[in-house]
Amino acid sequence: MSRKCNPYAYPRYENDMSFMGLKETQKLPYDTPTHLAQNEKPWARLYDSATLSSVRRKVHHHDQEASRDSLDFHLKSTYDHHQDFLCHRNETLFQKETYSDDHGRILKNRERPEPPQCGVQNDIRVWVNPQKASIYSVQGTIESHHNASTNRGYSRKHDGGFYST
(Lines give C-alpha, C1' and ligand atoms only; values in the text may rest on other atoms or scores of the structure.)
Protein backbone atom coordinates (compact mmCIF):
# COMPACT_ATOMS: atom_id res chain seq x y z
CA MET A 1 0.00 0.00 0.00
CA SER A 2 1.48 3.34 -1.05
CA ARG A 3 1.24 6.49 0.99
CA LYS A 4 -0.48 9.49 -0.51
CA CYS A 5 1.32 12.19 1.55
CA ASN A 6 4.75 13.51 0.60
CA PRO A 7 7.38 12.59 3.24
CA TYR A 8 9.74 15.40 2.13
CA ALA A 9 9.64 18.95 3.39
CA TYR A 10 8.01 21.87 1.64
CA PRO A 11 8.95 23.41 -0.90
CA ARG A 12 9.53 20.70 -3.42
CA TYR A 13 12.69 20.90 -5.48
CA GLU A 14 12.33 21.04 -9.25
CA ASN A 15 14.26 18.92 -11.72
CA ASP A 16 14.22 18.37 -15.48
CA MET A 17 10.96 16.46 -15.33
CA SER A 18 8.99 18.89 -13.22
CA PHE A 19 10.49 22.28 -14.18
CA MET A 20 7.78 24.91 -14.18
CA GLY A 21 9.48 27.66 -16.24
CA LEU A 22 10.48 31.19 -15.23
CA LYS A 23 9.36 32.38 -11.85
CA GLU A 24 8.32 35.96 -11.17
CA THR A 25 11.48 36.72 -9.23
CA GLN A 26 13.82 35.79 -12.08
CA LYS A 27 15.04 38.57 -14.37
CA LEU A 28 13.88 38.62 -17.96
CA PRO A 29 16.51 38.84 -20.71
CA TYR A 30 17.37 42.24 -22.19
CA ASP A 31 15.18 43.63 -24.96
CA THR A 32 18.00 44.70 -27.27
CA PRO A 33 21.07 42.68 -28.23
CA THR A 34 24.41 43.60 -26.71
CA HIS A 35 26.02 45.14 -29.82
CA LEU A 36 23.10 47.60 -30.15
CA ALA A 37 22.79 48.35 -26.43
CA GLN A 38 26.43 49.46 -26.31
CA ASN A 39 25.60 52.43 -28.53
CA GLU A 40 23.05 53.75 -26.03
CA LYS A 41 23.49 55.53 -22.71
CA PRO A 42 25.31 54.97 -20.31
CA TRP A 43 27.58 52.50 -22.11
CA ALA A 44 28.32 54.80 -25.04
CA ARG A 45 29.24 57.65 -22.72
CA LEU A 46 31.59 55.42 -20.72
CA TYR A 47 33.18 53.98 -23.83
CA ASP A 48 33.71 57.29 -25.62
CA SER A 49 35.34 59.12 -22.70
CA ALA A 50 38.89 57.91 -22.15
CA THR A 51 40.69 57.91 -18.83
CA LEU A 52 44.31 58.91 -18.36
CA SER A 53 45.45 55.32 -17.91
CA SER A 54 43.57 54.08 -21.00
CA VAL A 55 45.10 56.84 -23.15
CA ARG A 56 48.59 56.03 -21.85
CA ARG A 57 48.12 52.35 -22.81
CA LYS A 58 47.47 53.14 -26.47
CA VAL A 59 50.12 52.50 -29.11
CA HIS A 60 50.32 56.06 -30.34
CA HIS A 61 50.76 57.63 -26.90
CA HIS A 62 54.08 59.42 -26.42
CA ASP A 63 55.03 61.22 -23.23
CA GLN A 64 57.54 64.00 -23.89
CA GLU A 65 58.68 64.21 -20.28
CA ALA A 66 59.13 60.48 -19.71
CA SER A 67 62.66 59.19 -19.22
CA ARG A 68 64.05 57.46 -22.29
CA ASP A 69 66.68 55.40 -20.51
CA SER A 70 68.35 54.84 -17.16
CA LEU A 71 70.58 57.89 -17.50
CA ASP A 72 67.62 60.22 -17.98
CA PHE A 73 65.91 58.64 -14.99
CA HIS A 74 68.97 59.25 -12.78
CA LEU A 75 69.42 62.81 -14.05
CA LYS A 76 65.79 63.73 -13.32
CA SER A 77 66.00 62.50 -9.73
CA THR A 78 65.96 64.96 -6.81
CA TYR A 79 69.21 63.63 -5.33
CA ASP A 80 71.86 66.27 -4.65
CA HIS A 81 75.24 64.80 -3.79
CA HIS A 82 76.32 67.90 -1.87
CA GLN A 83 73.28 68.04 0.42
CA ASP A 84 72.15 64.39 0.59
CA PHE A 85 75.52 62.67 0.99
CA LEU A 86 75.44 58.98 2.02
CA CYS A 87 71.74 58.44 1.31
CA HIS A 88 70.40 54.98 0.66
CA ARG A 89 70.51 53.83 -2.94
CA ASN A 90 66.74 53.90 -3.41
CA GLU A 91 66.60 57.49 -2.10
CA THR A 92 68.94 58.62 -4.88
CA LEU A 93 66.30 57.69 -7.48
CA PHE A 94 63.32 59.58 -6.04
CA GLN A 95 61.62 61.72 -8.69
CA LYS A 96 60.14 65.20 -8.33
CA GLU A 97 56.60 63.86 -8.88
CA THR A 98 56.91 61.83 -5.68
CA TYR A 99 57.49 64.79 -3.37
CA SER A 100 55.78 67.84 -4.81
CA ASP A 101 52.77 68.96 -6.81
CA ASP A 102 54.53 71.68 -8.80
CA HIS A 103 55.95 69.35 -11.45
CA GLY A 104 53.30 70.35 -14.00
CA ARG A 105 52.15 66.83 -14.92
CA ILE A 106 48.70 65.33 -14.48
CA LEU A 107 49.19 61.97 -12.76
CA LYS A 108 45.60 61.20 -11.82
CA ASN A 109 42.30 62.31 -13.26
CA ARG A 110 41.18 64.05 -10.09
CA GLU A 111 40.49 67.60 -9.08
CA ARG A 112 42.71 69.00 -6.39
CA PRO A 113 40.74 69.81 -3.25
CA GLU A 114 40.91 73.38 -2.06
CA PRO A 115 42.72 73.75 1.26
CA PRO A 116 40.38 74.79 4.06
CA GLN A 117 40.43 78.48 4.88
CA CYS A 118 41.61 78.86 8.44
CA GLY A 119 39.90 81.42 10.62
CA VAL A 120 41.61 83.88 12.86
CA GLN A 121 44.16 82.21 15.11
CA ASN A 122 42.96 84.26 18.09
CA ASP A 123 40.08 81.83 18.61
CA ILE A 124 42.36 79.23 20.17
CA ARG A 125 43.31 79.85 23.78
CA VAL A 126 46.43 78.16 25.09
CA TRP A 127 47.16 77.95 28.80
CA VAL A 128 50.69 77.59 30.08
CA ASN A 129 51.41 76.88 33.73
CA PRO A 130 53.51 79.80 35.00
CA GLN A 131 55.25 77.58 37.56
CA LYS A 132 57.21 74.66 36.18
CA ALA A 133 56.50 71.48 38.13
CA SER A 134 59.43 69.25 39.01
CA ILE A 135 59.50 65.90 37.27
CA TYR A 136 60.77 64.32 40.50
CA SER A 137 57.80 65.51 42.56
CA VAL A 138 55.58 62.74 43.91
CA GLN A 139 52.62 65.05 44.54
CA GLY A 140 49.56 64.00 42.58
CA THR A 141 50.84 60.51 41.76
CA ILE A 142 48.75 57.40 42.23
CA GLU A 143 49.58 55.74 45.51
CA SER A 144 51.04 52.27 45.11
CA HIS A 145 53.81 50.14 46.45
CA HIS A 146 55.17 49.87 42.89
CA ASN A 147 56.56 53.16 41.69
CA ALA A 148 59.58 54.42 39.83
CA SER A 149 61.51 55.41 42.94
CA THR A 150 61.65 51.83 44.22
CA ASN A 151 64.00 49.04 43.24
CA ARG A 152 62.74 47.99 39.77
CA GLY A 153 59.20 48.75 40.81
CA TYR A 154 59.30 46.45 43.83
CA SER A 155 59.65 47.58 47.40
CA ARG A 156 59.78 45.89 50.79
CA LYS A 157 57.57 46.29 53.80
CA HIS A 158 58.94 47.91 56.93
CA ASP A 159 59.58 44.50 58.46
CA GLY A 160 61.66 43.41 55.41
CA GLY A 161 59.02 41.28 53.65
CA PHE A 162 57.62 41.84 50.13
CA TYR A 163 54.22 43.27 49.35
CA SER A 164 51.84 40.75 47.84
CA THR A 165 48.92 41.41 45.57
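**Entry 1: the chain as a whole**

I took contact to mean heavy atoms within 4.5 Å. On that basis I looked up the contacts with a separation of 6 or more in this predicted model. Residues 24 or more positions apart account for 16% of them.

I then read off the secondary structure. The chain has five helices and zero strands, and its elements run α-α-α-α-α from the N terminus on.

Next I turned to burial. Of the 165 residues in the chain, 5% are buried. I noted an accessible surface of about 17,800 Å² for the chain. Carbon and sulfur atoms hold 54% of that surface.

**Entry 2: the loop between α1 and α2**

I checked the peptide bond from Lys41 to Pro42 and found it to be cis. Its omega is near -10 degrees. Pro42 belongs to the loop that joins α1, residues 34-37, to α2, residues 43-48.

**Entry 3: Ser77 and Thr92**

I went on to the loop between α4 (70-75) and α5, where Ser77 lies. Is Ser77 buried or exposed? I recorded Ser77 as buried, because its relative accessible area of 13% falls under the 20% limit.

I then listed the partners of Ser77, leaving aside its neighbours within four places in sequence. They are Thr92, Leu93, Phe94 and Gln95. With one of these, Thr92, I also noted a polar contact: the side chain of Ser77 reaches the backbone oxygen of Thr92 at 3.1 Å.

Thr92 is likewise placed in the loop between α4 and α5. Which backbone oxygen does the side chain of Thr92 reach? I found that of Arg89, at 2.5 Å. With neighbours within four places in sequence again set aside, I have Thr92 in contact with Ser77 and Tyr79.

**Entry 4: Leu86**

I stayed with the loop between α4 and α5, since Leu86 has its place there. I looked at its backbone and found a positive phi of about 65 degrees, although Leu86 is not a glycine. I also looked up its accessibility. Leu86 has a relative accessible area of 72% and is therefore exposed, the cut-off being over 50%.

**Entry 5: the aromatic pair**

I searched for paired aromatic rings, and the count came to one pair. Phe94 and Tyr99 form this pair, with 5.4 Å from centre to centre and 75 degrees between the planes. I entered the geometry as edge-to-face, because planes over 60 degrees apart count as such.

I compared the two residues for accessibility. Phe94, at 28% relative accessibility, is partly exposed, whereas Tyr99, at 53%, is exposed. Phe94 had already appeared in my notes as one of the contacts of Ser77.

**Entry 6: a nonpolar patch**

I closed with the surface. Which residues form a nonpolar patch there? I found Ile124, Val126 and Val128, which together have about 350 Å² of accessible area.

I followed up Val126 in particular. It is found in the segment after α5, the helix of residues 96-99. Its relative accessible area is 71%, so I listed Val126 as exposed. Val126 therefore passes the accessibility condition for a patch, which asks for over 30%.

Key. Residues numbered from 1 in each chain as written. Predicted model: local features only at pLDDT ≥ 70, side-chain atom pairs only at ≥ 80, totals over all residues. Heavy atoms only, no water. Patch = residues over 30% accessible without salt bridge, like charges linked within 9 Å, V, L, I, M, F, W, Y side chains within 5 Å. Areas by Shrake-Rupley, 256 points an atom, 1.4 Å probe, with all protein chains shown as cover. Salt bridge = Lys/Arg side-chain N within 4 Å of Asp/Glu carboxyl O. Helix = DSSP H or I, 4+ residues; strand = E, 2+ residues; numbered from the N terminus. Buried < 20%, exposed > 50% of the residue type's maximum accessible area, 1.4 Å probe, protein only. Phe/Tyr/Trp six-rings, centres within 6.5 Å; stacked < 30°, edge-to-face > 60°. Polar contact = N/O pair within 3.5 Å; in protein donor to acceptor, adjacent residues only side chain to side chain.
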